[in-house]
Every structure is written in C-alpha cells, then in structure tokens.
Amino acid sequence: MTLRIYDTLTRALQDFSPIEPGHVRMYVCGMTVYDLCHIGHARSVVAFDVVRRWLQASGYRVTFVRNITDIDDKIIRRATERGESIGQLTARMIGEMHRDFAALGALAPTHEPRATDYVPQMLSLIGKLQDKGLAYPAGDGDVGGDMNYAVRKFPGYGKLSGKSLDELQAGSRVDVDAGKHDPLDFVLWKAAKPAEPEDAQWPSPYGPGRPGWHIECSAMSVKYLGEAFDFHGGGSDLIFPHHENEIAQAEPCIDGDEKFARYWLHNGFITIDNEKMSKSKNNFFTVKDILKEFPGEVIRFFILQTHYRSPLDFSDERLHEAQTALDR
C-alpha cells in the first residue's frame, strides 16, 4: 500500500516517494533551549517520532535530524538574568530536554546539531545569498551591521504559507528605518550589541555578531541531508515565518530543479481550555511537571489519540481519561 502524506506546501495528500530509494532523509525543527520543554514541544516530538518509526517499520532506512537552537535573544536574556554563561544555561536545559523526551518514549535523533557549532556554514550560506543579490547589509553598509534578506527578490516567497506579499506587507509591523529596505525583509546576521556577552558573538566578514534564527536550519539541514531531502517538519506555528524563510534561503542555492524539501509536515496546536497555549499568556505546562503526576507513556498515548494535524486540547481531566483508556 502506498504511503500518502499531507503536504503543507501543496495543501494536498501526496503519494510518498523518497528521493533516494530505500532511504528517507528527515529534518524536524527542535527546541530553543532557554527554558524547560512544555506540552507543545512534547506533541511535536511524539508526532514525528511516530512518523519516523512508521517509516522504519515500513522498511526504510531513516536519517532523522532534529536541531537545537542554543543561541538567540531569549537565551542571552535568560542567561544574563540568572548570572550564568550561555553555555551553562543551554547545557542544563538540553539535559532536561533529553530526560523529558526519553520519558515520552522518543528515539534519539540520528543527528542533533547545535546552532553554535555551525556558524561557519551559516556564514557561507549568507555569502552565497549576498553573491546572488538576495542579502544586503543594513544601514550604510559599513562592517559591523546586520545582514538582511531581500524577500521581494525571491519569486516564490509565500508559497508555503499561502500568503501573498501584499497580505504579508499589510500585517507587517517592522519599521523599514531599522536598516531594512522593506518591512518583509528578515535578518540573516545580527550585529553584536555593546551589552551582549562575549560568548554571544562570533567573528564574521560583517563584523562580530551571531546568526539569525532562520539561517541555522537552512544551513544545518543541508549539512546533514544534502541540498534537497524528503521531509521537513515542525509545529504549525513555524510555517510562517520560519519555514517560509528557510525555503527562501535554501532554494536559490540548490543546483538543479529539486525542491529544498519534497514534503512539509506540520503538527497542530495544543490548546488549554480551547485557547491557544502561549508562554505570554502563562497558560502552558512543562513536561517535567506533568511527569510528576502521569507516566510518560500516558502523555504519549494522550497525544496520539488525536490526529497529529488537528488541535489538541490539554487538561488534567483528559490525561486521566487517557490513563484509564491505556490501562484498559
């Protein structure tokens, strides 16, 4: 029986056919490790663990890559608040993450690259985009500023999210005076700020700084899976702008007609009392806290009772129902 996949890009069920016969190459966006994993992270981890296991059970060899974002504004801010180095904070959170994911019964990825280990690859990709006229320096172009991506110069921008440039511009709140030519443009390289610690800075042709969030996944997926691979996955909240921007960064640098990712998979949101879970609303639950009351297999079973693309409403009552059903 042919495996059929709902592909976010085409918005349709597609017959699955790997680029390399017998071998599936799969990239899933992982955590930004400034805090503990919450139930939303758990849903993504469990959903793609099942996809991977199903492919393996179907006879495929699977190379599964899930990244770790270990440098960004939230990490810098949290480490500064706690008076510790970025490395100390991220190492502790990565340890907690691994314990949570193991309790949920998730297999370890084939590769788990950390963003800070691949800055040279990101700079190389930014250089290619600059050569193609898709990246430009902010401000007057002097060394020491941001590097931005020129969205309107990539003809396919918006194809994953299904949004037109006019729609995106209408919803944009970016000030073009902040060194960007267009409100839709996004940052590839962020110049170091005077107050930022030294361990948040890397040397570059553009001056000291650090990579933007979007560039890391484009660079690391290509490093481990090649310019074109089979699956790219993540939560629905990543469709725009993160995954849209990944396509815009990667596809101009691919030789030939192959897509950056052949199939795009996205799991649905977690809601709390039918309201979208959000740290800003303080209505989220960490996996560590839930594990104090429920075994990991109950959490996994609870997640898998709902189709991975559908919304999933979380509550203690529903977890107790899942525990009863699992026991039965």
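Reader: What is the strand order in the open sheet of three strands, and what kind of pairing does it have?

Author: The order is E12-E11-E13, and the pairing is mixed. Keep in mind that this is a predicted model.

Reader: What makes strand E12 and strand E13 edge strands?

Author: Strand E12 (275–276) and strand E13 (312–314) each pair on one side only. That is what puts them at the edges of the sheet.

Reader: How do you know that E11 and E12 count as paired?

Author: The cut-off is at least two bridges between the strands. Strand E11, residues 270–272, is joined to E12 by two bridges, so the pair meets it. The two strands run antiparallel, and Thr-271 stands opposite Lys-276 in E12.

Reader: Moving on to empty space, why is the space by Val-45 and Phe-48 called a cavity?

Author: A cavity is a spot where a 1.4 Å probe fits but cannot get out, and that is why the name applies. The structure holds one cavity of 30 Å³ or more, and the largest has a volume of about 40 Å³. Its lining is made up of Val-45, Phe-48, Asp-49, Arg-52, Phe-64, Arg-66, Ala-106 and Leu-107.

Reader: Which element supplies the largest share of that lining?

Author: H1 does, with four residues. Helix H1 (39–57) and strand E4 (61–66) each give at least two.

Reader: What makes three of the lining residues charged?

Author: Asp and Arg both count as charged, so Asp-49, Arg-52 and Arg-66 fall in that group. The full split is five nonpolar, no polar and three charged.

Definitions and conventions
Residues are numbered from 1 along each chain as its sequence is written. This is a predicted model: local features need pLDDT of at least 70, side-chain atom pairs count only at pLDDT 80 or more; totals for chains, interfaces and linings use all residues. Side-chain values use heavy atoms; hydrogens and water are left out. On a 1 Å grid over the protein atoms alone, a cavity is a set of points where a 1.4 Å probe fits but cannot get out, and a pocket is an open set with protein on both sides within 12 Å along at least five of seven lines; lining residues have an atom within 4 Å of a point. Grid points are joined across faces, edges and corners, and a volume is the space filled by probe spheres set on the points.
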